[in-house]
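Student: I would like a close look at one part of this model, taken slowly and with the criteria spelled out as you go.

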Amino acid sequence: METPQVPYTPPTLEEIKKRHKAVRNINIEHREKLSRLEKWAVWITEKVGTMGFFLIIFAWTILWLAWNMVAPVSFRFDPYPAFVLWLFISNMIQIFLMPLIMVGQNLQGRHSEARAEADFDVNTKAEEEIETILEHLENQNALILKILNRLDTDK
């Protein structure tokens with residue numbers, strides 16, 4: 001004699017949703033958590049870390065050096081071979097930008113970690129939903145086979 005089987009009931013969508021945190025937009029959350037200074041540091045990091053900025057600094061350096069080597073002597077403000085003023089200015093730029101860029105990179109790194117965590121949450125949720133769908137399909141296959149067996153025995 002067959003033992004009665006309890007029909008399989010897959011979890012409802014609401015039950016699946018209750019098991020996981022709601023999907024959230026990490027980009028918006030990250031932006032909202034930044035202070036005004038941190039937003040400024042990220043903006044500087046994004047602007048200074050471009051080829052455009054590099055080309056501007058490179059062109060300015062070439063112009064500075066060329067002007068002070070080939071311009072009329074009375075117009076030179078930092079004559080060859082010293083270029084002391086340019087060295088001072090360029091070092092000051094580097095000294096100020098280095099920690100600022102590091103702060104911006106740290107903030108971007110935290111943002112990246114938060115995005116990775118959110119991706120993991122979404123992937124975990126998707127995996128569970130797929131497993132639920134597969135269980136449901138297996139149950140449907142079992143029911144279809146049962147119906148087919150009954151049809152075969154009725155013939």
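In which helix does T45 lie, and which residues is T45 in contact with, leaving aside its neighbours within four places in sequence?

Tutor: T45 lies in helix α3, which covers residues 36-48; helices here are DSSP runs (H or I, at least four residues), numbered from the N terminus. The model is predicted, so local features need pLDDT of at least 70 and side-chain atom pairs count only at pLDDT 80 or more, whereas totals for chains, interfaces and linings use all residues. Residues are numbered from 1 along each chain as its sequence is written, and side-chain values use heavy atoms, with hydrogens and water left out.

T45 has a relative accessibility of 8% and therefore counts as buried (under 20% relative accessible area; exposed is over 50%, partly exposed in between, with a 1.4 Å probe and protein chains only). With neighbours within four places in sequence set aside, T45 is in contact (heavy atoms within 4.5 Å) with L100, I101, G104, Q105 and Q108. These five residues are among those that α5 brings to its meeting with α3. Seen from the other side, L100 touches T45 and also W40, A41 and I44, again not counting residues up to four places away in sequence.

The wider setting is the packing of α3 against helix α5 (residues 84-154), whose axes are 8 Å apart and at an angle of about 105° (lines fitted to C-alpha atoms over the stretch in contact, with angles from 0 to 180 degrees between N-to-C directions). The two helices are therefore roughly perpendicular, a word used for angles of 65 to 115 degrees. On the α3 side the contact is made by E38, W40, A41, V42, I44, T45, E46 and V48, and on the α5 side the participants include L97, V103, L107 and R110. The residues of this contact divide into ten nonpolar, four polar and three charged (Asp, Glu, Lys and Arg count as charged; Ala, Val, Leu, Ile, Met, Phe, Trp, Tyr, Cys and Pro as nonpolar; the others, Gly among them, as polar).

Several of these residues recur in the largest nonpolar core, which has eight residues: L34, A41, V42, I44, V48, L97, L100 and L107. Such a core is a set of buried Ala, Val, Leu, Ile, Met, Phe, Trp, Tyr and Cys residues joined through side-chain atoms within 4.5 Å. Helices α3 and α5 each supply at least two residues of this core, and α3 gives the most, with four. L100, a contact of T45, is thus one of the members of that core.

Definitions and conventions. Parallel < 35°, antiparallel > 145°, perpendicular 65-115°, else oblique.
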